[in-house]
Amino acid sequence: MMMAKKWAKFLRDFENFKAACVPWENKIKAIESQFGSSVASYFLFLRWMYGVNMVLFILTFSLIMLPEYLWGLPYGSLPRKTVPRAEEASAANFGVLYDFNGLAQYSILFYGYYDNKRTIGWMNFRLPLSYFLVGIMSIGYSFLVVLKAMTKNIGDDGGGDDNTFNFSWKVFTSWDYLIGNPETADNKFNSITMNFKEAIIEERAAQVEENVHLIRFLRFLANFFVFLTLGGSGYLIFWAVKRSQEFAQQDPDTLGWWEKNEMNMVMSLLGMFCPTLFDLFAELEDYHPLIALKWLLGRIFALLLGNLYVFILALMDEINNKIEEEKLVKANITLWEANMIKAYNASLSGNSTGPPFFVHPADVPRGPCWETMVGQEFVRLTVSDVLTTYVTILVGDFLRACFVRFCNYCWCWDLEYGYPSYTEFDISGNVLALIFNQGMIWMGSFFAPSLPGINILRLHTSMYFQCWAVMCCNVPEARVFKASRSNNFYLGMLLLILFLSTMPVLYMIVSLPPSFDCGPFSGKNRMFEVIGETLEHDFPSWMAKILRQLSNPGLVIAVVLVMALTIYYLNATAKGQKAANLDLKKKMKQLPQLVASSVPRYAGGPEGLFTLLFKTSHFWKGQEHKHCEVAVPLFP
């Protein structure tokens, strides 16, 4: 008995220890007690994204960056690992490093630094193969973890019908029992009251005649303005990318801060001000607030994704220019080597021998390395977006809260309840920004292995900085909705941006030739040829033959067709089971009414029997079942 109590106490203490080891659990619980579970759901989503990026960082650091650092050739041994002579003087300046040029460009942070030797170190580590497989594994893991989270949320939802007993559910389940702040409780009470008012208004709205033509015209006008805004933002980004390409041809010392960061600032400013315009356009549409919120989220998502793809298309033009430039550089390097060898031989008199021909790596001409350029652009975008977000919080939240708090006593009206008041924590906007930033990480991590690590630092600092901002500067939202735990809306957008962000990367891997003098795939026609090289050198001939047969396009197409048919079958089965569940629910709803209307109460003494009369209307082998009476004792 004593051992059982000690064991139970040990298990309880161990559970408490596991709960204490969960990162930022106390901070999130504190936010839940002050703001309710809706605001805390954003920080839970941020913590989940932190875990995903931690796995990506462990993969890239342990299988790419660390082996290159330990077993690869050191800095200065090859031209790809050496700052050019013309850039040595300013390679360590803060402005150059902040732009991820100079020493940062020629380091393990970017693709171009890595050597193309098939094996490195005493372990014969296959770095090019590891680099390629880690990129594919990162994409596969990201798909797996997002789909698993969506499946878990579907299982947690239980498949309930939200339209059943709508007002009863609102009465008994609307209150958030995690609220511990009086102001939050008042806002929650007002939100529940408003939800009841809206539900009653919706019931009456079906009977109210509206000016349908005017509403359709206003909605068409609002969507026209939205498309103009989206088109204008795309044109601005395309124009900014073109200007940045022109600035790249000029001397960096002649450019100001804005010229150097124009493209990043344009994308960040568009992400700040365009959602405000969308909110103004939504006033014309006169949608229900929840429907308007979804339209707003969809438009912001389309804006961010469209801007990202316009940026990618502009980058593709720059990549094509770099590839053409590489062809010229490669021809010039051949002539340069021939002239250097000729001059060296001419310097030797007669049959005399001299020291071996040597040129310092800093003096060797090199190509533009378009992969490093792509990685730099995504790293700059990530850092610029982080700085813009933090400045927005400091100016828009902290300084505004200080002004409202300290100037309220000497102002003409109540600043706390009037304009400008305290800011609410924007759950949807913050989650969308998190999803957009994660899309940039997935898109750029193949060309900048350090990007998951940079994103971990961003998420780590965001957790503390935004927790402080929420507790000190924000007030709870009047309308509360779940951001990540109650539905798959955000995870669905995350899955969509994961798919759309990996498509350009896969296109570059399959279609574009790698740079000839930088990166682990230099010297190959395509990056994926490293797989064939590994099969040829590291596998027995019979196994390589089997693997080649398995990669036959005909077999791959057949497997894809079987998988598609299997998915279709499982989807049809799930729909059939869902329809059967809905039919069973309808029958269960009708059963009490049927019993109350058609079953007479049995008056046969204290035994308390009653007759259950039910009728089945389905046919079995062409015969209709008759009435059936069943006597069930109510009391033993």
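Trp24 is placed in the loop between helix 1 (2–21) and helix 2. In this predicted model, Trp24 has a positive phi of about 60 degrees although it is not a glycine. With a relative accessible area of 11%, Trp24 is buried. A second non-glycine residue with positive phi is Phe100, whose value is near 60 degrees. Phe100 sits in the loop between helix 4 and helix 5, and its relative accessibility of 13% falls under the 20% limit, so Phe100 counts as buried.

**Overall architecture**

The chain contains 17 helices and 6 strands. Of its 636 residues, 37% count as buried. Among contacts with a separation of 6 or more, 74% are made by residues 24 or more positions apart. The accessible surface of the chain comes to about 37,600 Å², and carbon and sulfur atoms account for 66% of that area.

**Helix 2 and the nonpolar core**

Helix 2 spans residues 25–35, and its buried residues are Ile28, Ile31, Glu32 and Phe35. Viewed down the axis of helix 2, these residues fall within an arc of 105 degrees, so they line one face of the helix. The spacing follows a general rule: an α-helix has 3.6 residues a turn, so residues three or four places apart point the same way.

The largest nonpolar core comprises 104 residues. The members that touch the most others are Phe43, Phe311, Ile319, Trp370, Phe378, Ile435 and Leu494. Helix 10 (residues 289–347) gives the most to this core, with 16 residues. For one of the listed members, Ile319, the contacts beyond four places in sequence are with Trp370, Met373, Val374, Met508 and Leu512. Trp370 thus appears both among these partners of Ile319 and in the list of members touching the most others. In soluble globular proteins, nonpolar side chains tend to be buried together.

**Salt bridges**

The count of salt bridges comes to 10. Side chains of opposite charge can pair when their charged atoms come close. Three of the pairs are set out below.

| Salt bridge | Closest N to O distance |
|---|---|
| Arg85 and Glu88 | 3.3 Å |
| Arg85 and Asp363 | 2.9 Å |
| Arg380 and Asp99 | 3.4 Å |

Arg85, Glu88 and Asp363 are linked in a network of salt bridges. Each member of the network is partly exposed: Arg85 has a relative accessibility of 40%, Glu88 has 36%, and Asp363 has 38%.

The bridge between Arg85 and Asp363 has its closest N and O atoms 2.9 Å apart. Arg85 lies in the loop between helix 3 (37–71) and helix 4, and Asp363 in the loop between helix 10 and helix 11 (370–407), so this pair ties together parts that are 278 residues apart in sequence.

Arg380 and Asp99 form a further salt bridge, with the closest N and O atoms 3.4 Å apart. Arg380 belongs to helix 11, whereas Asp99 is in the loop between helix 4 and helix 5 (127–157), so the pair joins parts separated by 281 residues in sequence. Both Arg380 and Asp99 are buried, whereas Arg85 is partly exposed. The loop that holds Asp99 is also the place of Phe100.

**A nonpolar patch on the surface**

Nonpolar side chains also occur at the surface. Phe94, Tyr98, Trp257, Trp258, Leu269, Met272, Phe273 and Leu387 form a nonpolar patch with about 840 Å² of accessible area together. The elements giving two or more residues to this patch are helix 4 (94–98) and helix 9 (257–285). Helix 9 contributes the largest share, 5 residues. Phe273 lies in helix 9, and its relative accessibility of 52% is over the 50% limit, so Phe273 counts as exposed.

Notes
Residues are numbered from 1 along each chain as its sequence is written. This is a predicted model: local features need pLDDT of at least 70, side-chain atom pairs count only at pLDDT 80 or more; totals for chains, interfaces and linings use all residues. Side-chain values use heavy atoms; hydrogens and water are left out. Patches are made of residues with over 30% relative accessible area and no salt bridge: like charges are joined within 9 Å, nonpolar side chains (Val, Leu, Ile, Met, Phe, Trp, Tyr) within 5 Å. Accessible areas come from the Shrake-Rupley method with a 1.4 Å probe; for residues, only the protein chains shown count as cover. A salt bridge is a side-chain nitrogen of Lys or Arg within 4 Å of a carboxyl oxygen of Asp or Glu. Helices (H or I, at least four residues) and strands (E, at least two) are DSSP runs, numbered from the N terminus. Buried means under 20% relative accessible area, exposed over 50%, partly exposed in between (1.4 Å probe, protein chains only). The arc is that of the directions from the helix axis to the C-beta atoms. A nonpolar core is a set of buried Ala, Val, Leu, Ile, Met, Phe, Trp, Tyr and Cys residues joined through side-chain atoms within 4.5 Å. Contact means heavy atoms within 4.5 Å.
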